[in-house]
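User: I'm new to this structure and would like a close look at a single part of it. Could you pick one residue, walk me through its surroundings, and then work outwards from there?

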Amino acid sequence: MTTLSHEPPGAAPAGPPVLADHDSLLSFLTAVFRDRGLPPERAAASARALCHGDLTGMDSHGAANLTRLYLPLLDEGRADPHAEPRVVTDLGAAVLLDARRALGLWSASEAMELAASRAERHGVGVVAVRGGTHLGCAGYHALRAVERGMVGLVASNCGGQRIARPPGGAAALLGTNPLSAAAPAGGHPPFLLDMSTTAAPTGRIRQAAREGRPVPEGLLCDDRGAPVTDPAEFDAGRAHLMWLGGEPGRYKGFGLGLLVEVLSAVVSGSGRGPAPQALAGDGGPGGRDDDIGHLLLALAPDALREGALGDARELFGTVLDCPPADPAAPVRYPGWHEYHLARERRERGVPLAAGLYAELADLAGRTGLAAPLVLGEVR
């Protein structure tokens with residue numbers, strides 16, 4: 001296994017984004033994970049989960065996190081490439097699983113497959129996971145249920161990592177606590193809602209900082225609640241993540257964040273953001289994203305009644321047929337754009353920022369692996 005340092009990269013090389021061949025990028029990511037000790041099937045599954053972010057436009061959760069998040073987890077021993085998740089409790093439709101620090105990109109999908117298998121028997125399957133690590137895009141794992149004709153729900157806390165303050169609070173208590181739901185749409189692109197319960201995930205803020213561009217108002221604020229648009233202020237400790245819903249609706253995002261904490265941590269017994277130790281210190285971000293908790297639920301509507309798929313086709317078809325206020329902007333639903341974008345990028349190439357491609361090429365050179373094939377520049 002090759003060991004690399006994880007010093008923060010310097011200024012990103014200037015230049016236009018490149019188009020990387022999808023299959024080549026996937027092969028490269030798989031090879032990197034194998035180089036870090038993951039068995040072949042786990043490495044390939046982890047690569048697919050990571051590449052989902054780049055395919056669907058969630059670039060902050062794609063290959064950009066390879067050297068910033070997943071390789072450090074493996075190199076520092078915080079993720080175990082050979083961990084075998086262990087069933088703690090099995091009630092048939094409900095299972096408690098200890099991931100034992102397995103890489104979340106792989107283990108979360110395995111947990112959803114287990115939930116779907118139980119749903120085939122019981123109509124619903126729920127798998128609570130403790131001892132987990134970062135799972136990437138929650139929506140990728142929710143879609144695994146859709147592939148089996150089911151509705152999927154994924155909730156994940158951030159273990160003991162605390163980033164966001166409760167409304168009116170002066171101490172960070174919660175992580176970004178993502179929540180995702182996916183459902184078959186009866187022949188239309190699957191419905192896919194994939195969101196953090198904060199106004200933005202940290203990856204989006206840090207990506208903007210790397211690229212030297214401001215973020216819109218409503219994502220960050222200072223200690224007094226005034227808006228902050230310089231993303232570098234976040235890691236400098238002078239700006240805090242806001243909750244989904246902005247200032248007027250912040251209790252909705254905060255409430256959803258707490259709900260995710262209950263579903264993923266209280267149910268599984270994983271690490272929690274709101275814990276007594278969170279009240280010590282200076283109130284800024286703290287803790288580590290170890291012992292993450294997940295909840296993965298699969299629901300099989302056709303096991304309960306006939307006709308669910310046809311109703312879904314009509315439901316989402318009606319949404320698509322809604323007369324648009326602007327004829328140039330037809331009505332769509334969450335997941336529609338991501339489905340078509342992923343299909344296009346698989347065929348024509350995956351856009352990677354020049355700086356990111358340089359990182360991947362450098363990693364390839366130092367590990368003796370083949371860098372992703374470049375098809376051209378993004379124009």
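Analyst: Leaving aside residues up to four places away in sequence, Glu233 touches Val228, Arg238 and Ala239. Keep in mind that this is a predicted model. With Arg238 there is a polar contact as well: the two side chains meet at 2.8 Å. Glu233 itself is found in helix H7, which covers residues 232-235. Is Glu233 buried or exposed? Its relative accessibility is 19%, so Glu233 counts as buried, because the cut-off for that label is under 20%.

Stay in helix H7 for a moment, and look at Asp235. This residue forms a salt bridge with Arg206, and the closest N and O atoms are 2.9 Å apart. Arg206 belongs to helix H6 (residues 202-211) while Asp235 lies in helix H7, so the pair ties together parts that are 29 residues apart in sequence. As for accessibility, Asp235 is exposed, with a relative accessible area of 53%, and Arg206 counts as partly exposed at 34%.

Now for some other charged pairs. In general, side chains of opposite charge can pair when their charged atoms come close. How many salt bridges does the structure hold? The number is 23. One of them joins Glu113 to Arg148, with 2.6 Å between the closest N and O atoms. That pair links distant parts of the chain, 35 residues apart: Glu113 sits in helix H4 (residues 104-122), and Arg148 in the loop between helix H5 (138-146) and strand S5 (151-156). Arg148 has a relative accessible area of 28%, so it is partly exposed.

Another salt bridge brings together the side chains of Arg224 and Asp222, at 3.2 Å from N to O. Its two partners get opposite labels: Arg224 counts as exposed at 73% relative accessibility, whereas Asp222 is buried, with a relative accessible area of 15%. There's also a network, in which salt bridges that share partners join Glu76, Arg78, Arg288, Asp289 and Asp290.

Charges turn up over aromatic rings too. Arg42 lies over the face of Trp106, 3.9 Å from the ring centre. In a second case, the charged end of Arg332 sits over the ring of Trp336, at 4.1 Å from its centre. As for rings paired with rings, a search of the whole structure finds four aromatic pairs. Phe191, Phe316 and Tyr333 form one aromatic cluster.

Trp336 is a handy way into one more helix, H11, which runs over residues 336-348. The 13 residues of H11 reach 19 Å from the first C-alpha to the last, close to the 18 Å expected at 1.5 Å a residue. Trp336 is buried in this helix, and so are Ala342 and Arg345. What covers these buried residues of H11? The cover includes three helices, H1 (22-35), H2 (40-55) and H10 (308-321), along with strands S7 (188-195) and S12 (350-352). Just after H11 comes Gly349, which takes a positive phi of about 120°.

So, back to where you started: Glu233 is a buried residue in helix H7, with its side chain in polar contact with that of Arg238.

Key:
Residues are numbered from 1 along each chain as its sequence is written. This is a predicted model: local features need pLDDT of at least 70, side-chain atom pairs count only at pLDDT 80 or more; totals for chains, interfaces and linings use all residues. Side-chain values use heavy atoms; hydrogens and water are left out. Helices (H or I, at least four residues) and strands (E, at least two) are DSSP runs, numbered from the N terminus. Buried means under 20% relative accessible area, exposed over 50%, partly exposed in between (1.4 Å probe, protein chains only). A polar contact is a pair of N or O atoms within 3.5 Å; within protein, one must be able to donate a hydrogen and the other to accept it, and residues adjacent in sequence count only if both atoms are side-chain atoms. Contact means heavy atoms within 4.5 Å. Rings of Phe, Tyr and Trp (its six-membered ring) pair if their centres lie within 6.5 Å; planes under 30 degrees apart count as stacked, over 60 as edge-to-face and the rest as tilted. A charge sits over a ring if NZ of Lys or CZ of Arg is within 6 Å of the ring centre and within 35 degrees of the ring normal. A salt bridge is a side-chain nitrogen of Lys or Arg within 4 Å of a carboxyl oxygen of Asp or Glu. The expected span of a helix is 1.5 Å times one less than its number of residues.
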